[in-house]
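These are my notebook entries on a single protein chain. I record below what I looked up, entry by entry.

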Amino acid sequence: MIGLLDSNNFYVSCERVFNPKLERQPVVVLSNGDGCVVARSNEAKALGIPMGVPVFQIKHLLRHEKVKVFSSNYALYGDLSARITNVVRQDIADVEVYSIDEQFLDFSTTRHPQSADQLGVNIRKKVKQCTGVPTSLGIAKTKTLAKVANHIAKKSLVHEGVYVLDREQIIEEFLSLTPVADLWGIGRRYAKKLSSFGIHTALDLYDCKEAFVKKHMTIVGLRLWYELHGVSCLPLEMVSKPKKNICTSRTFGKAQMNLSAIKEAVANHASSCAEKLRGEGSVANYIQVFLATSRHRPGEQYSNSFTWTLPVASSDSRELVHYASQALDRIFRKGYQYSKCGVIVSGLVPRDARQLGLFSDGNSSGYHDISQPIRSGQSGQVQRDSLQEDVRLMEVVDMINHRYGRGKIQLGASMTTVETRGWQMQQNRLSPRYTTCFSEIPIAKCS
DNA sequence: TCTGGGGTCCTAGGACCC
DNA sequence: TCTGGGGTCCTAGGACCC
């Protein structure tokens with residue numbers, strides 16, 4: 001049996017762990033840049049606040065109902081998420097971390113001789129006790145059915161947040177009550193398409209012919225269909241696969257017209273991509289920079305991107321910042337109010353499997369001037385030595401930043417100057433990083 | 001005035017190879 | 001006049017997830 005453990009209103013629950021006054025209050029957490037609502041307490045949902053709504057559209061409601069509003073605090077949420085995983089792993093050996101608030105549990109990999117139901121109740125209690133975060137647990141034969149079971153566990157008040165969906169008759173009964181659009185893997189497009197065939201509930205899809213599903217929903221839909229019938233097609237992935245792309249992008253705090261400010265933002269995003277690459281042990285072959293005005297504003301819009309192929313795959317901050325900056329020069333047009341930019345690195349390969357250039361000297365920081373022809377090569381010994389120097393330099397930078405705080409050492413190109421600060425993200429309602437920063441540890445007052 | 005930020009997989013079609 | 005059969009790689013677009 002497979003369990004899906006899902007944290008209830010996760011971001012809101014994290015805020016409540018260290019701020020119990022928020023219990024029984026309407027609470028929402030906003031997206032990066034404080035733009036949209038991305039998490040709501042049950043009280044906030046009851047007020048009719050929809051998921052994803054822009055804050056400015058519900059400003060009056062928020063004020064009138066005294067809704068508590070927070071910027072997203074990923075340092076806190078990421079840390080609590082990792083703690084939940086640690087607690088779960090004490091009882092279940094095979095756990096797939098699926099997202100920041102969800103994990104799949106392989107119930108066959110436990111030492112405890114209890115029923116899935118009883119073990120599930122215990123795990124859920126333990127997570128609440130050790131982390132303070134309330135969860136729901138659905139258990140079934142496949143991931144897709146575990147998702148359905150989780151939904152039941154979350155809605156039902158009688159099952160203590162745990163539901164085992166195992167008997168065929170009950171499965172069919174619940175599928176008949178589930179809109180097909182609520183299934184994992186059915187998005188807006190497929191929901192519409194299926195509706196045109198008269199398929200509205202999950203049971204309607206379950207009752208379809210295999211060939212019909214294959215024809216209209218490809219192999220992806222067919223897997224979903226099998227999973228509904230209790231045949232597991234989506235195995236648990238215990239070790240996360242290396243990433244194929246890495247992206248860092250942000251909406252500017254205020255619209256930007258100034259190239260030097262945008263350049264600073266791009267340098268920051270490129271540095272961040274380089275750090276993420278090194279964290280993965282990967283190097284990138286391509287780097288893309290994109291820049292765009294706001295889709296939501298009337299009038300002429302502009303967006304563009306430019307991609308470099310690197311001479312030798314790299315994760316060196318200096319090199320990626322250099323190319324990103326040159327890419328920005330190629331797409332920047334004067335006179336537009338830009339709202340967003342970003343950097344994407346792709347063509348990722350493991351660092352030690354990188355292909356050196358035929359004529360490059362192997363020194364990944366010694367990028368050639370793009371306007372100049374590539375220099376001819378040097379001896380193999382020099383290649384290896386200079387390469388190791390670079391790797392070590394970046395390792396030291398990462399080590400210092402890990403120890404003394406993010407951004408303690410950075411490239412001059414990504415330093416913020418007073419005039420260009422406007423690109424930085426709005427985060428006006430950030431709670432403290434209670435669990436990851438010594439100066440922000442909560443203080444208990446006893447009297 | 002103000003609208004997030006990440007990712008993955010699959011398919012079809014074009015270009016090319018022998 | 002008659003014109004095969006087997007591949008690979010790449011990209012764009014479409015779908016989905018949190």
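**Entry 1. Terms and I344.** I call a residue buried under 20% relative accessible area, exposed over 50%, and partly exposed in between. The model I consulted is predicted. I looked up I344 and found it in strand β12, residues 338–346. Its relative accessible area is 22%, so I entered I344 as partly exposed. I then listed its contacts, not counting residues up to four places away in sequence: I344 touches I246, C247, Y286, I287, Q288 and F290. I also checked I344 against V38, which is 306 residues apart from I344 along the chain; their C-alpha atoms are separated by 24 Å.

**Entry 2. D106.** I turned to strand β6, residues 102–106, where D106 lies. Is D106 buried or exposed, and which side chain of opposite charge is nearest? I found D106 buried and without a salt bridge; K143 is the nearest side chain of opposite charge, 10 Å away. I did find a polar contact of 2.6 Å between the side chains of D106 and S108. Leaving aside neighbours within four places in sequence, I noted M1, I92, D94 and L236 as the contacts of D106.

**Entry 3. Helices α6 and α10.** K143 led me to helix α6, where K143, T144 and L145 meet L224, E227 and L228 of α10. I sorted the residues of this contact into 3 nonpolar, 1 polar and 2 charged. Helix α6 covers residues 143–155 and helix α10 residues 210–228; I read that their axes come within 7 Å and cross at roughly 65 degrees.

**Entry 4. Salt bridges.** How many salt bridges does the count give? I recorded 10, and I looked up several of them individually.

I began with R83 and D79, whose closest N and O atoms are 2.9 Å apart in a salt bridge. I placed both R83 and D79 in helix α4, residues 74–89, where they are 4 residues apart, about one turn of the helix. R83 has 37% relative accessibility and therefore counts as partly exposed.

I next took D329 and K263, which form a salt bridge with the closest N and O atoms 2.9 Å apart. Because D329 lies in helix α12 (residues 317–331) and K263 in helix α11 (residues 259–280), I noted that this pair ties together parts 66 residues apart in sequence. I entered D329 as partly exposed at a relative accessible area of 39%, and K263 as partly exposed at 25%.

I then looked up R278 and D398, whose side chains meet in a salt bridge of 2.7 Å, N to O. R278 belongs to helix α11 and D398 to helix α13 (residues 380–404), so I noted that the pair ties together parts 120 residues apart in sequence. I entered R278 as buried, at 11% relative accessibility, whereas D398 at 23% counts as partly exposed.

**Entry 5. Positive phi values.** I checked backbone angles last, with the background that most residues other than glycine have a negative phi. What is phi of E160? I read a value near 55 degrees, which is positive in a residue other than glycine. I located E160 in the loop between α6 and β8 (162–164), and at a relative accessible area of 51% E160 is exposed. For T218 I also read a positive phi, near 55 degrees. I placed T218 in helix α10 and entered T218 as partly exposed, at 40% relative accessibility.

Definitions and conventions:
Residues numbered from 1 in each chain as written. Chains lettered and ligands numbered in written order. Predicted model: local features only at pLDDT ≥ 70, side-chain atom pairs only at ≥ 80, totals over all residues. Heavy atoms only, no water. Axes fitted to C-alpha atoms, helices over the stretch in contact; angles between N-to-C directions. Helix = DSSP H or I, 4+ residues; strand = E, 2+ residues; numbered from the N terminus. Contact = heavy atoms within 4.5 Å. Nonpolar A, V, L, I, M, F, W, Y, C, P; charged D, E, K, R; others polar. Buried < 20%, exposed > 50% of the residue type's maximum accessible area, 1.4 Å probe, protein only. Lys, Arg positive; Asp, Glu negative; His and termini not counted. Salt bridge = Lys/Arg side-chain N within 4 Å of Asp/Glu carboxyl O. Polar contact = N/O pair within 3.5 Å; in protein donor to acceptor, adjacent residues only side chain to side chain.
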